[in-house]
Amino acid sequence: MWAEKRVFYHIYPLGFCGDRGLEKISGIIGHLKYIGADALYLGPVFQSANHGYDTSDYFRIDPRLGSNDDFREVCRQLHENGIKVIVDGVFNHVGREFWAFRDVRENKENSRYCDWFLLNWNGNNHYDDGFYYQNWEGCSDLVKLNLKNQDVKNHLFEAIKSWTDNYDIDGLRLDVAYCLDKKFLTELRNFCRVLKDDFWLMGEIVHGDYNQLMNERMLDSVTNYECYKGLYSSCNDKNMFEIAHSLRRQQELYGGKFMYNFLDNHDVSRIASKLKDKRDLKLLYTMLYLIPGIPSIYYGSEFGIEGDKDAGGDSILRPSLNEFTPNELTEHIRRLSLIRKENEVVVYGAYKELLLQNEQFVFSRENGSNKAVCAVNLSEEEYEADIEGQKINIPPKEALLLIDGKSVLQR
């Protein structure tokens with residue numbers, strides 16, 4: 001699948017685009033190419049009343065971003081520059097302004113769309129609609145769809161076909177995939193693979209057995225929250241055993257599958273705000289690119305910008321970013337992208353743990369005669385590691401990357 005080799009860039013458009021609309025995405029295509037990002041995951045772009053995950057119309061681009069024609073042009077430019085396009089598929093729920101739910105609110109039991117939702121006419125809600133409806137995790141603004149209703153499925157599938165026909169999208173990131181009916185996911189995969197035989201499906205999942213959704217019948221990939229937690233916690237606690245344990249466990253459970261790896265996203269604090277020691281940023285990005293899976297960069301974090309969700313809520317995580325001047329971290333990420341593109345061993349090589357201590361972690365990726373070694377040192381002191389008979393001196397607070405014995409990251 002094409003996604004395995006790509007480096008993803010993640011944008012939350014309703015925050016990023018500000019008052020410039022979709023043209024702002026066109027304006028950073030050069031930056032995406034510079035840092036080596038060749039797949040773009042766009043958060044919600046379809047019409048909603050608030051944050052984008054409360055869809056009101058699956059067939060219309062949110063007017064705050066522009067028009068359908070504007071988005072068609074952006075996608076054309078991205079594809080012209082070799083960048084794949086993934087959009088958010090928000091299918092578990094809709095907003096209260098979704099046209100079919102508005103009809104239910106107006107016509108109550110007489111609405112022809114009652115069975116599109118999970119309703120109880122003997123209850124009520126805090127909007128005093130005179131009936132209760134299932135929602136997403138207690139949020140009354142997000143009305144749960146009945147994904148066992150064929151008309152609902154037809155409506156969603158028609159929307160996906162229109163996105164493919166009009167924008168030539170290459171895949172979907174499925175919001176709260178852990179909530180979706182598994183039969184629906186199977187039908188969705190079959191439908192999408194008819195549209196495009198390499199249509200990529202990635203699902204949001206936080207806990208549990210990823211194989212429940214990431215398998216040959218449903219999704220190609222899932223959000224790797226386990227390694228997200230392990231990566232930053234290992235640095236903060238000076239305990240590399242945590243990420244090593246996660247990688248060992250995932251090789252046993254999911255070996256050969258490509259999960260979607262990240263250090264931050266639109267729902268969690270920026271990694272620069274999570275780290276106790278910001279010197280660990282370059283080290284962490286090196287690990288992100290070298291562990292099994294697909295690396296993703298959340299817009300702005302390639303510059304090390306901060307954003308503490310506990311202090312500023314979701315809005316601080318989703319800014320309208322206007323400055324795109326590369327710095328030392330940006331250049332480091334660019335180098336990692338180049339290395340990944342030039343060395344398939346980094347993408348497909350078998351994972352092996354070589355050395356593990358509280359502040360040091362060394363692992364390899366091996367593919368035939370090619371071998372990559374990532375050596376991490378959290379300590380303030382240089383560390384001499386004996387790796388399979390070879391002495392490696394790892395500088396303090398750095399990660400070394402050796403490919404076929406040659407250092408390729410430090411110059």
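## Exercises: cavities and a three-stranded sheet

Two cavities of 30 Å³ or more are counted in this structure. A cavity here is a set of points, on a 1 Å grid over the protein atoms alone, where a 1.4 Å probe fits but cannot get out. The model is predicted: local features need pLDDT of at least 70, side-chain atom pairs count only at pLDDT 80 or more, and totals for chains, interfaces and linings use all residues. Residues are numbered from 1 along each chain as its sequence is written, and side-chain values use heavy atoms, with hydrogens and water left out.

**Exercise 1.** Describe the largest cavity by volume, lining and residue class.

*Solution.*
1. Its volume is about 90 Å³, taken as the space filled by probe spheres set on the points, which are joined across faces, edges and corners.
2. Lining residues have an atom within 4 Å of a point; among them are His10, Tyr41, Arg173, Met202, Asp264 and Ser296.
3. Ala, Val, Leu, Ile, Met, Phe, Trp, Tyr, Cys and Pro count as nonpolar, Asp, Glu, Lys and Arg as charged, and the others, Gly among them, as polar.
4. The lining of the largest cavity then divides into five nonpolar, five polar and two charged residues.

**Exercise 2.** Do the same for the second largest cavity.

*Solution.*
1. The second largest cavity holds about 40 Å³ of space.
2. Its lining consists of Pro44, Val45, Phe46, Gly52, Thr55, Tyr58, Asp88, Val90 and Trp163.
3. By class, this lining has six nonpolar residues, two polar and one charged.

**Exercise 3.** In what order do β6, β9 and β10 stand in their sheet, and which are the edge strands?

*Solution.*
1. Strands are DSSP runs (E, at least two residues) numbered from the N terminus, and two strands pair if DSSP finds at least two bridges between them.
2. Strand β6 (residues 93–95) is joined to β10 (residues 139–144) by three bridges, and the two run antiparallel.
3. In this pair, Val94 stands opposite Val143 and Gly95 opposite Leu142.
4. Strand β9 (residues 135–136) is joined to β10 by two bridges, also antiparallel, with Asn135 opposite Val143.
5. The three strands form an open sheet in the order β6-β10-β9. The edge strands are β6 and β9, each pairing on one side only.

**Exercise 4.** What links β9 to β10?

*Solution.* The two strands form a hairpin with two residues between them. In the turn, Glu137 has a positive phi of about 50°.

Methods: Helix = DSSP H or I, 4+ residues; strand = E, 2+ residues; numbered from the N terminus. 1 Å grid on protein atoms, 1.4 Å probe; cavity = no way out; pocket = protein on both sides within 12 Å on 5 of 7 lines; lining within 4 Å.
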